[in-house]
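Please open the structure in your viewer and keep the selection tool at hand. The stops below proceed from one helix to the whole chain and end at a single residue.

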Amino acid sequence: MLVFSTKEFGSVVVDNKDAFRDSICKKSNCATQCFSYSSPKYGMGRRIMRVPDPMHFLNLCLVLDENWSRLEDEYRKSLISESSPVLFEKGQWPESTNPLSNFGEFNEKCILESYGSRFELVADVSKYYGSIYSHAIPWALEGKEEAQKNHNADTPGNNIDQAIRLCQNNETIGIPIGPYTSLVVSEIIGCHIDHEITKTHAKIKGKRFIDDYRFYFDDANEAQTFYYNLQDTLSQFRLDLNTLKTEIRHFPYSLEDPWVSDLKETSNSLIDGTKNEKEILVAFFSRAFEYSKQFPTSAVLLFALKRISNWTVKKDNYDVFESILLRTLAVEPRSFPAVLSLLLSNFDRLDKEKVKEVLERIIDKNVRPRNGYELAWCLFSATALDISLSEECISKILEVRESLSTALIVNLVATGKQVLNPKHDLNEIGEKTTNWLTNYQISLDRKKAFKINGFARLLMKKKVSFFEAIPKDKNELSEILINCSVRENNQYNASLT
């Protein structure tokens, strides 16, 4: 998510790795709690994103780095994974590439795999990240029986298990949704399961992308047998298939959703510079809105916005375009990066009062449920567009003490982007919150440690912020947001649940 960034954290840790490593507490009573925020899925569904305390997040990264050769061995066992992380060197610090951008390639490879087959098994692991049992990590790396006998031994699996638990208050169920480290960890189990199911089905045709499976068969009974085998193997690692997203399909079936083809064709008319721009613009979004109702579990509106991300609307049609964008934002909160990018690219024509009204309505709607994604994006959007939200809106957010948006307000106050009513005392806000991000940002603002551990004090001395400065250049920020919207679109398509 653009409003929260670990770029400064990563740079400072690379330059001072020994000092930070020495300040990590690995005892179980030092376990820290993630700060969490609510993020939208499709419909009324929500996903709880969790961001680990930086001390134990670094510890997890170091443990994964120390055991990388063993992890690569496990990844190589899978003949079907299309989401295994890849390591490369950047200075002295390894980074995991983001496979989410490869979801389109996954679809293409599935088409290639499907030749000559009449049946497709589509399967999805239920609440994958939220269901992963941390002790299953050593089961995958050392073998279940061996791991249970030696659960205190110094092994790669046990060390990763402990590092994960330290990130989440010693909890064993689930891994944080959000950090790339969770992809690295989930692929340990995913690739091991791949290996197990292909041992008995050596010639299986199919692919897996994180928690999505697609396999191809000539016979329906064969597909059914494989389904039961997959279900049984997953259950050995305390995972289950999502029955609502699991089915056996008989070819012929569409290789691409009909709405995709239609919106591609209509958007091409806009991009090509048609004379009837306003009519086609309205028709394009009318179809997108209708398709979003027909296919509520698909990211239709995100796809539509992606299709026109680099398109420039004619001056006479901008008012209509802006109204459509704001309507889209009101019904599809995941569109914030794409809509904000388009508004920034038309900044000179922006109707700020209209945008402010919409942002404040979104805040009113999301403040009581404490929907952090929407609240934070409203704050970020207002700042990026040079719009001052009402004092009442800011007060409402601070009163509910939602983690992400409260920490962002503290940052905006510290950087002079937001004026805070004197009635809101930051120390009082910090006293009533347990999330590390808000307390760290308060400490940074006040230049005095406030309810933070020794590791965070080191970060504070280095003036590390977890919120990047917003670029003053509107076009530069617009380009950044385009890339952000592409990543989020891929993430929702990948169905990380």
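A polar contact is a pair of N or O atoms within 3.5 Å; within protein, one atom must be able to donate a hydrogen and the other to accept it, and residues adjacent in sequence count only if both atoms are side-chain atoms. Helices (H or I, at least four residues) and strands (E, at least two) are DSSP runs, numbered from the N terminus.

The model is predicted: local features need pLDDT of at least 70 and side-chain atom pairs count only at pLDDT 80 or more, whereas totals for chains, interfaces and linings use all residues. Residues are numbered from 1 along each chain as its sequence is written, and side-chain values use heavy atoms, with hydrogens and water left out.

**Stop 1: helix α22**

Select N435 and L437. At the start of α22, the backbone nitrogen of L437 lies within 3.1 Å of a side-chain oxygen of N435.

Next, select residues 436-446, the whole of α22. Because 9 of its 11 residues are buried (under 20% relative accessible area, 1.4 Å probe, protein chains only), the helix is largely enclosed by the rest of the structure. The buried residues are W436, L437, T438, N439, Y440, Q441, I442, S443 and L444.

Which elements do the buried residues of α22 pack against? Add β1 (35-40), β2 (46-51), α3 (54-66), α20 (403-414), α21 (426-431) and α23 (454-461) to the display to see these partners. Then move to K447, just after α22, which takes a positive phi of about 55°.

**Stop 2: the whole chain**

Select the protein chain, which has 24 helices and 8 strands. Its radius of gyration, taken over C-alpha atoms, is 24 Å, close to the 23 Å that the globule rule (2.2 Å times the number of residues to the power 0.38) gives for 497 residues, so the chain is as compact as a globular protein of that length. Along its principal axes, the C-alpha trace spans about 65 × 60 × 40 Å. Of the 497 residues, 54% count as buried.

Contact means heavy atoms within 4.5 Å. Residues 24 or more positions apart account for 75% of the contacts in the chain with a separation of 6 or more.

**Stop 3: A223**

Finally, select A223 in helix α11 (residues 220-235). Is A223 buried or exposed? A223 counts as buried, because its relative accessibility is 0%.

Display L121, F217 and I248, which A223 touches when residues up to four places away in sequence are not counted. A223 and L121 are 102 residues apart in sequence, and their C-alpha atoms are 6.5 Å apart in space.

Conventions. Buried < 20%, exposed > 50% of the residue type's maximum accessible area, 1.4 Å probe, protein only.
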